[in-house]
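User: I would like to go through this model step by step, with the reasoning spelled out before each value or name is given.

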Amino acid sequence: MRVLGKTNLDIFWLKDNRLADLNNLPDSDVLAVKILEDVEAALDGFRGIFWILEIKE
């Protein structure tokens, strides 16, 4: 835990209500595929932005 002045950066108490059932998660390979799909989609978005910016220059 790191404390800066009176600011406490310990965020253990934050909860994500979408993760209510942590005992019923998909298999790790399913999660890995989903993460890979999300990263690829994000890269496609960045490529599109880069392409637009490159055309304008």
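**Accessibility, fold and salt bridges**

Analyst: To begin with a single residue of this predicted model, Ile49 has a relative accessibility of 47%, and because that value falls between the limits of 20% and 50%, Ile49 counts as partly exposed.

User: In which helix does Ile49 lie, and which residues make the nonpolar surface patch of about 760 Å²?

Analyst: Ile49 lies in helix α1, which covers residues 28-56. Ile49 also belongs to the nonpolar surface patch of about 760 Å², whose members are Leu25, Leu31, Ile35, Val39, Leu43, Phe46, Ile49 and Leu53.

User: Which pattern does the chain follow along the sequence?

Analyst: The secondary structure of the chain amounts to one helix and two strands. Read along the sequence, these elements give the pattern β-β-α.

User: What share of the 57 residues is buried, and how much of the exposed area do carbon and sulfur atoms supply?

Analyst: A residue counts as buried under 20% relative accessible area, and the share of buried residues among the 57 in the chain is 0%. The chain exposes about 6,000 Å², and the part of this area that carbon and sulfur atoms supply is 61%.

User: How far apart along the helix are the partners of the salt bridge between Lys34 and Asp38?

Analyst: The side chains of Lys34 and Asp38 meet in a salt bridge at 3.1 Å, taken from N to O. Lys34 counts as partly exposed because its relative accessibility is 45%, and Asp38 likewise counts as partly exposed, at 41%. Because Lys34 and Asp38 are four residues apart in helix α1, their separation is about one helical turn.

User: How many salt bridges does the structure hold, and which residues meet in a salt bridge with Asp44?

Analyst: Side chains of opposite charge can pair when their charged atoms come close. The structure holds two salt bridges. Asp44 sits three residues from its partner in helix α1, so that about one helical turn separates them, and the side chain that meets Asp44 at 3.1 Å, N to O, is that of Arg47.

User: Which element has the lowest mean pLDDT, and which the highest?

Analyst: Over the whole chain the mean pLDDT is 79, with 61% of the residues reaching 70 or more. Among the elements, the lowest mean, 52, belongs to strand β1 (residues 3-4), and the highest, 92, belongs to α1.

Key: Residues are numbered from 1 along each chain as its sequence is written. This is a predicted model: local features need pLDDT of at least 70, side-chain atom pairs count only at pLDDT 80 or more; totals for chains, interfaces and linings use all residues. Side-chain values use heavy atoms; hydrogens and water are left out. Patches are made of residues with over 30% relative accessible area and no salt bridge: like charges are joined within 9 Å, nonpolar side chains (Val, Leu, Ile, Met, Phe, Trp, Tyr) within 5 Å. Accessible areas come from the Shrake-Rupley method with a 1.4 Å probe; for residues, only the protein chains shown count as cover. A salt bridge is a side-chain nitrogen of Lys or Arg within 4 Å of a carboxyl oxygen of Asp or Glu. Buried means under 20% relative accessible area, exposed over 50%, partly exposed in between (1.4 Å probe, protein chains only). pLDDT is the predictor's confidence in each residue, from 0 to 100.
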